[in-house]
Amino acid sequence: MTDRSRLHIAIQKSGRLSDQSRDLLKGAGLKVQGAKNALTARAENFPLDLMFVRDDDIPTFVADGVCELGICGQNVLEEYALDHASPRFETVATLGFGRCSLKIAAPEGMAYDTAMLAGQRIATSYPRLTARFLKERGIEAEIVTMKGAVELAPRLGIAKFVCDLVSTGATLEANGLAAVETVFDSEAVLVRTLKPVAPALAERAAALMTRINGVIATAESKYIVLNAAEESLAEISRILPGAEAPTVIPLAGRPGHYAVQAVCQESVFWETLEKLKAAGASAILVMPIEKMML
């Protein structure tokens with residue numbers, strides 16, 4: 001029996017999002033009990049239970065309110081939503097990992113054009129997304145639904161084309177295929193049920209989402225400290241990537257010189273440091289941020 005006094009989150013049991021979802025929750029300060037291959041686990045220091053399920057079952061768990069929260073790919077959510085008039089969940093955060101694309105793949109070397117799909121068989125694990133793609137382009141083709149090993153379909157004579165998830169393209173290449181057109185871009189998202197939730201659980205869900213948003217914010221954020229003369233401050237503030245107004249503190253014993261501190265919520269590359277130095281910055285220090293409460 002599910003303990004309804006605790007919050008529940010559904011994540012992928014295995015696969016590309018599983019470890020990253022666990023790492024996200026660990027970054028949010030959760031200490032989770034239970035073996036990796038178990039179906040459920042319990043957080044020791046937060047009223048949260050994890051449920052490890054198939055990725056395409058996560059929308060159902062959240063929509064039905066079995067789990068108040070879930071982490072899965074946008075591709076899975078969109079495929080589910082196309083088959084349900086009212087999905088009963090909402091996306092509350094994009095998580096910055098699990099990026100991939102659903103793509104049409106054709107035999108390597110083919111001079112592909114979208115019109116070539118007309119009258120052909122297309123193998124896919126995402127029949128609704130594929131059907132929408134074809135409908136939007138006015139193309140009639142036969143969709144062959146497969147649960148896995150989609151890239152083998154051309155070799156087995158099941159279909160000439162496939163529509164499959166692509167991260168690096170290595171699997172397609174190994175099977176003599178090449179991605180030729182994008183159907184849907186995806187990344188991992190946090191979703192929340194729209195079914196009524198007890199006030200205490202709603203408060204816990206909000207607290208967990210605040211932590212997760214903090215983890216997301218710190219993933220690419222850096223804390224920058226540098227010294228600069230007063231006449232350089234305006235240009236340095238302009239260069240700092242994604243920073244709010246920096247903190248500027250007078251340097252003791254150096255009139256007209258200041259210490260500048262800023263949180264930059266975009267990537268800080270070597271090119272950025274070179275621009276800061278050219279603008280008059282010195283003693284530039286870039287540090288990671290362990291925790292951030294937005």
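Here is a short walk through this predicted model, going from its nonpolar core to a sheet and then to a pocket.

Let's start on the inside. In soluble globular proteins, nonpolar side chains tend to be buried together. In this model, the largest nonpolar core has 27 residues, and the ones touching the most other members are I9, L48, L95 and L190. Several elements each put in at least two residues: strand 1 (7-12), helix 1 (18-27), strand 3 (48-53), strand 4 (69-73), strand 11 (188-193) and helix 6 (199-219). Helix 6 gives the largest share of this core, six residues.

It's worth zooming in on L48, one of those well-connected core members. If you skip its neighbours within four places in sequence, L48 is in contact with R6, L7, H8 and I9, with L30, with A41, R42 and A43, and with L208. That list includes I9, another of the residues that touch the most other core members.

Now move along the chain to a sheet. Four strands make up an open sheet, in the order 13-14-12-15, and the pairing is antiparallel. Strand 13 (247-250) and strand 15 (282-288) sit at the edges, each pairing on one side only. On average, and ignoring direction, neighbouring strands here are turned by 15° against each other. For a closer look at one pairing, take strand 13 and strand 14 (residues 257-264), which run antiparallel to each other and are joined over four bridges. Among the bridge partners, V248 is matched with V260 in strand 14.

Strand 12 (residues 222-229) is where you'll find N227. So is N227 buried or exposed? Its relative accessible area is 19%, and the cut-off for buried is under 20%, so N227 counts as buried. Leaving out residues up to four places away in sequence, N227 touches L251, Y258, A259, G280, A281, S282 and A283.

Last stop: the largest pocket, which holds about 910 Å³ of space. Its lining is made up of 39 residues, and D55, S125, Y126, K147 and L165 are the ones nearest its centre. Which elements each supply at least two residues of that lining? They are strand 4, helix 3 (74-81), helix 4 (127-136), strand 9 (161-166) and helix 5 (170-174). Helix 3 gives the most, with four residues. You've met strand 4 already: it supplies at least two residues of the largest nonpolar core, and at least two of the pocket lining as well.

Notes. Residues numbered from 1 in each chain as written. Predicted model: local features only at pLDDT ≥ 70, side-chain atom pairs only at ≥ 80, totals over all residues. Heavy atoms only, no water. Core = buried A, V, L, I, M, F, W, Y, C linked by side-chain atoms within 4.5 Å. Buried < 20%, exposed > 50% of the residue type's maximum accessible area, 1.4 Å probe, protein only. Contact = heavy atoms within 4.5 Å. Pairing = 2+ DSSP bridges. Axes fitted to C-alpha atoms, helices over the stretch in contact; angles between N-to-C directions. 1 Å grid on protein atoms, 1.4 Å probe; cavity = no way out; pocket = protein on both sides within 12 Å on 5 of 7 lines; lining within 4 Å. Points joined across faces, edges and corners; volume = space filled by probe spheres on them.
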